[in-house]
Amino acid sequence: MLFRSQCVGHDITDRVQIESLLAASEEKYRSMVHNIADIITLIDAHGTILYESASIELILGWSETDLIGHSIFEYLHSDDIVMVQERFAHVLLHGIVENTEFRFRHKNGKYIFLEGLASNQLDNPAIRAIIVTSRDITERNIMLSRLAEYSEELHNIIDSMLDGLLLLD
């Protein structure tokens with residue numbers, strides 16, 4: 001009895017190399033997003049949160065999954081909701097919104113000042129969301145407020161001086 005066999009082989013070296021490069025690239029970007037200081041949020045056209053980067057826990061106390069499925073507007077300070085809704089409508093129509101300051105509720109209930117930049121990527125098949133990058137500016141706002149207070153005090157002191165003031169350089 002005689003057996004006959006036939007083998008067909010394909011060199012998949014190129015495919016394996018491409019898959020390896022793709023996996024390395026995905027890991028690189030995943031690691032970058034996971035370790036960035038700013039919060040990266042993906043929101044749908046209705047304002048529903050689809051994704052939060054890991055930095056949200058450090059800045060706002062929420063885990064990456066706590067806010068998913070909730071409206072972004074639920075966590076805004078009541079004085080900022082209308083302004084953020086207007087900016088949100090603008091990003092839907094025009095694609096991008098410049099830096100916007102707003103207050104967002106920390107998990108502990110306090111409000112944190114954030115500065116956010118939004119980019120409409122709803123038509124981008126790879127993303128299909130609005131990307132918002134936000135950073136904590138609470139400390140900056142406190143310092144600016146103190147600076148304004150000191151400046152006002154200085155102006156009041158100068159205005160209340162009875163004698164003239166001569167400044168020489």
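Here are some notes on this predicted model, mostly about helix α3 and the cavity beside it.

1. Overall layout. The chain has 4 helices and 5 strands, and reading from the N terminus they come in the order α-β-β-α-α-β-β-β-α. Of its 169 residues, 27% count as buried. If you take contacts between residues at least 6 apart in sequence, 40% of them join residues at least 24 apart.

2. Helix α3, the basics. This one covers residues 81–94, so 14 residues by the usual helix assignment. From first C-alpha to last it reaches 20 Å, close to the 20 Å expected at 1.5 Å a residue.

3. The buried face. Which residues of α3 are buried? They are Val-84, Phe-88 and Val-91. Looking down the helix axis, the buried residues of α3 fall within an arc of 60°, so they line one face. That spacing fits a general rule: an α-helix has 3.6 residues a turn, so residues three or four places apart point the same way.

4. What that face packs on. The buried residues of α3 pack against four strands: β1 (39–43), β3 (96–105), β4 (111–121) and β5 (129–136).

5. The other side. Turn α3 around and you find Val-82, Glu-86, Leu-93 and His-94 exposed. Note that Val-82 and Leu-93 are in this exposed set, while Val-84 and Val-91 are buried.

6. The two ends of α3. Ahead of the helix, Asp-80 sits in the loop between α2 and α3. Is Asp-80 buried or exposed? Its relative accessibility is 9%, and the cut-off for buried is under 20%, so Asp-80 counts as buried. Setting aside neighbours within four places in sequence, Asp-80 is in contact with Phe-102 and Arg-103. Just after the helix, Gly-95 takes a positive phi of about 95°.

7. The cavity. The count comes to 1 cavity of 30 Å³ or more, and the largest cavity has a volume of about 280 Å³. It is lined by 23 residues, and the closest to its centre are Ile-43, Ile-72, Val-84, Phe-102 and Val-132. Two of those names have come up already: Val-84 is on the buried face of α3, and Phe-102 is a contact of Asp-80.

8. Who builds the lining. β1, α2 (55–60), α3, β3, β4 and β5 each supply at least two residues to the lining of the largest cavity. By class, that lining has 17 nonpolar, 4 polar and 2 charged residues.

Note on methods. Residues are numbered from 1 along each chain as its sequence is written. This is a predicted model: local features need pLDDT of at least 70, side-chain atom pairs count only at pLDDT 80 or more; totals for chains, interfaces and linings use all residues. Side-chain values use heavy atoms; hydrogens and water are left out. The expected span of a helix is 1.5 Å times one less than its number of residues. Buried means under 20% relative accessible area, exposed over 50%, partly exposed in between (1.4 Å probe, protein chains only). The arc is that of the directions from the helix axis to the C-beta atoms. Contact means heavy atoms within 4.5 Å. On a 1 Å grid over the protein atoms alone, a cavity is a set of points where a 1.4 Å probe fits but cannot get out, and a pocket is an open set with protein on both sides within 12 Å along at least five of seven lines; lining residues have an atom within 4 Å of a point. Grid points are joined across faces, edges and corners, and a volume is the space filled by probe spheres set on the points. Ala, Val, Leu, Ile, Met, Phe, Trp, Tyr, Cys and Pro count as nonpolar, Asp, Glu, Lys and Arg as charged, and the others, Gly among them, as polar.
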